[in-house]
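Visitor: I am new to this structure and would like to learn how to read it. Please take me through some features one at a time.

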Amino acid sequence: MQIDLRNKVAIVTGAGRGIGNEIARTLAGEGAIVVITDIRQELLDEAGAEWKRNGWNGLQLLCDVRESSDNKAVVEAVEKAFGRIDILINNAGVASGARVEELAEETWDLNMDVNLKGTFLMCQAVIPVMKRQRSGRILNAASFAAIVPSIGGAAYAASKYGVEAFTRVLAGELGAHEITVNCYAPGMIPTGMNRFADRTEAEKGRLLDTLTLRRWGSPRDVANLICFLASDLASYITGTMIDCSGGKFATQMPWLAHREP
Ligand SMILES: NC(=O)c1ccc[n+]([C@@H]2O[C@H](COP(=O)([O-])OP(=O)(O)OC[C@H]3O[C@@H](n4cnc5c(N)ncnc54)[C@H](O)[C@@H]3O)[C@@H](O)[C@H]2O)c1
């Protein structure tokens, strides 16, 4: 069995850095034509240089996923350049918060607008293209926070629970068109978003104690899952959320097994 993404056209949002960047690089390595979008031009410039170095096909497009006109412009540019869109990865996200009593309205709005509304708007822009093709794969970044949320994470968790509900509804609406829609839940992947790797040893230990595998995830762990879900091999999987968290809280006290001799 081989994952074959040759000549598939993929859009990855928020792919300038972090998990999205690794997803884009992994898809490109498997032969896909990958369009990277991000809100930050300097990250797109870096990605563009790598694409050039490796001889990968694709585009780097500035896009704020909160803006419907930006998302539509991306879809138009990709259709014009490559004639189709096979894969959409709604990766762009932010994570900020505070306990509810202190949570600023702007923080709530930012999490909702980028994580949830951005996913909705980008899907809305791509759907007509995938319907015409009678094929497509849509993958939305949820989070382990949509399984068990954290204190101080009300805005983030609510937005990611929203992504899961949105995913299931959209899968239902698009099943008749042979378009699959799923979301995925990374657990703890050290990136610029969460700075897990910069915490004190004691804090890191407490976080790792929640993981069955007791090690951080890597962006590549998520990218590997995405490659499978975006491929023809996953054509019978839709309307679900896949946990990619190293077994976070798979049992009540996963650390016990790591302390045994
Ligand atoms: N890192 C983790 O442990 C983890 C866990 C669960 C879920 N996730 C989800 O995975 C996704 C990627 O996370 P990451 O850790 O790589 O974060 P990151 O901060 O490293 O990368 C996020 C990217 O999104 C871009 N972005 C932010 N706002 C945008 C906007 N309005 N429009 C377009 N692009 C925008 C940023 O510029 C950045 O390149 C997010 O949706 C996040 O919620 C991450």
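Guide: Start with a residue and ask what it touches beyond its sequence neighbours. With neighbours within four places in sequence left aside, Thr-191 is in contact with Gly-18 and Ile-19. Keep in mind that this is a predicted model.

Visitor: How far apart are Thr-191 and Ile-19 along the chain and in space?

Guide: They are 172 residues apart along the chain, while their C-alpha atoms are separated by 7.6 Å. Thr-191 itself lies in the loop between E6 and H6.

Visitor: Is Thr-191 buried or exposed?

Guide: The way to decide is by relative accessible area, where under 20% means buried. Thr-191 has 19% relative accessibility, so Thr-191 counts as buried.

Visitor: What part of Thr-191 comes close to the ligand, and at what distance?

Guide: An N or O atom in the Thr-191 side chain is 2.6 Å from an oxygen atom of the ligand. Backbone atoms take part as well: a polar backbone atom of Asn-91 is 2.8 Å from a ligand oxygen, and one of Gly-187 is 3.4 Å from a ligand oxygen.

Visitor: How much of the ligand does the protein bury?

Guide: The ligand taken alone exposes 830 Å², and the protein buries 95% of that. Two elements give two or more residues to the shell around the ligand, namely helix H1 (18-29) and helix H5 (154-174).

Visitor: How many residues surround the ligand, and which are the closest?

Guide: There are 31 residues around the ligand, and the closest are Arg-17, Ile-19, Asp-38, Tyr-156 and Thr-191. By type, the shell divides into 16 nonpolar, nine polar and six charged residues.

Visitor: Next, helices. Why does the length of helix H7 agree with its number of residues?

Guide: The idea is to compare an expected span with the distance between the end C-alpha atoms. H7 covers residues 219-230, and at 1.5 Å a residue its twelve residues should span 16 Å; the end C-alpha atoms are 16 Å apart, so the two agree.

Visitor: Which residues of H7 are buried, and what do they pack against?

Guide: The buried ones are Val-222, Ala-223, Leu-225, Ile-226, Cys-227, Leu-229 and Ala-230. They pack against H1 and against four strands: E4 (87-90), E5 (136-141), E6 (179-186) and E7 (241-244).

Visitor: How do I read a residue inside a strand?

Guide: Find its element, then its accessibility, then its contacts. Thr-37 lies in strand E2 (residues 33-38). At 1% relative accessibility, Thr-37 counts as buried. Beyond its neighbours within four places in sequence, Thr-37 has contacts that include Ile-11, Val-12, Leu-44, Leu-61 and Val-74.

Visitor: Where is Leu-61 placed, and what does Leu-61 touch?

Guide: Leu-61 is in strand E3 (residues 58-62). Not counting residues up to four places away in sequence, Leu-61 touches Val-35, Ile-36, Thr-37, Asp-38, Leu-44, Val-74, Ala-77 and Val-78. From Leu-61 to Met-1 the separation is 60 residues in sequence and 33 Å in space, C-alpha to C-alpha.

Visitor: What about a residue in a helix, such as Ile-127?

Guide: The steps carry over. Ile-127 lies in helix H4 (residues 105-133), and with 17% relative accessibility Ile-127 counts as buried. Leaving aside neighbours within four places in sequence, Ile-127 is in contact with Leu-170 and Leu-174. Ile-127 and Leu-170 are 43 residues apart in sequence, and their C-alpha atoms are 9.9 Å apart.

Visitor: Which loop holds Gly-153?

Guide: Gly-153 is in the loop between E5 and H5. Its relative accessibility is 14%, so Gly-153 counts as buried. Gly-153 and Ser-96 are 57 residues apart in sequence and 7.2 Å apart in space, C-alpha to C-alpha.

Visitor: What should I look for in backbone angles?

Guide: Look at the sign of phi. Most residues other than glycine have a negative phi. Arg-214 has a positive phi near 45°, and Phe-249 has a positive phi of about 50°.

Visitor: Where do Arg-214 and Phe-249 lie?

Guide: Arg-214 lies in the loop between helix H6 (201-208) and H7, and counts as partly exposed at 30% relative accessibility. Phe-249 is in the loop between E7 and helix H8 (255-259). Phe-249 is partly exposed too, with a relative accessible area of 38%.

Conventions: Residues are numbered from 1 along each chain as its sequence is written. This is a predicted model: local features need pLDDT of at least 70, side-chain atom pairs count only at pLDDT 80 or more; totals for chains, interfaces and linings use all residues. Side-chain values use heavy atoms; hydrogens and water are left out. A residue is near a molecule or strand if one of its heavy atoms lies within 4 Å of it. A polar contact is a pair of N or O atoms within 3.5 Å; within protein, one must be able to donate a hydrogen and the other to accept it, and residues adjacent in sequence count only if both atoms are side-chain atoms. Accessible areas come from the Shrake-Rupley method with a 1.4 Å probe; for residues, only the protein chains shown count as cover. Ala, Val, Leu, Ile, Met, Phe, Trp, Tyr, Cys and Pro count as nonpolar, Asp, Glu, Lys and Arg as charged, and the others, Gly among them, as polar. The expected span of a helix is 1.5 Å times one less than its number of residues. Buried means under 20% relative accessible area, exposed over 50%, partly exposed in between (1.4 Å probe, protein chains only). Contact means heavy atoms within 4.5 Å.
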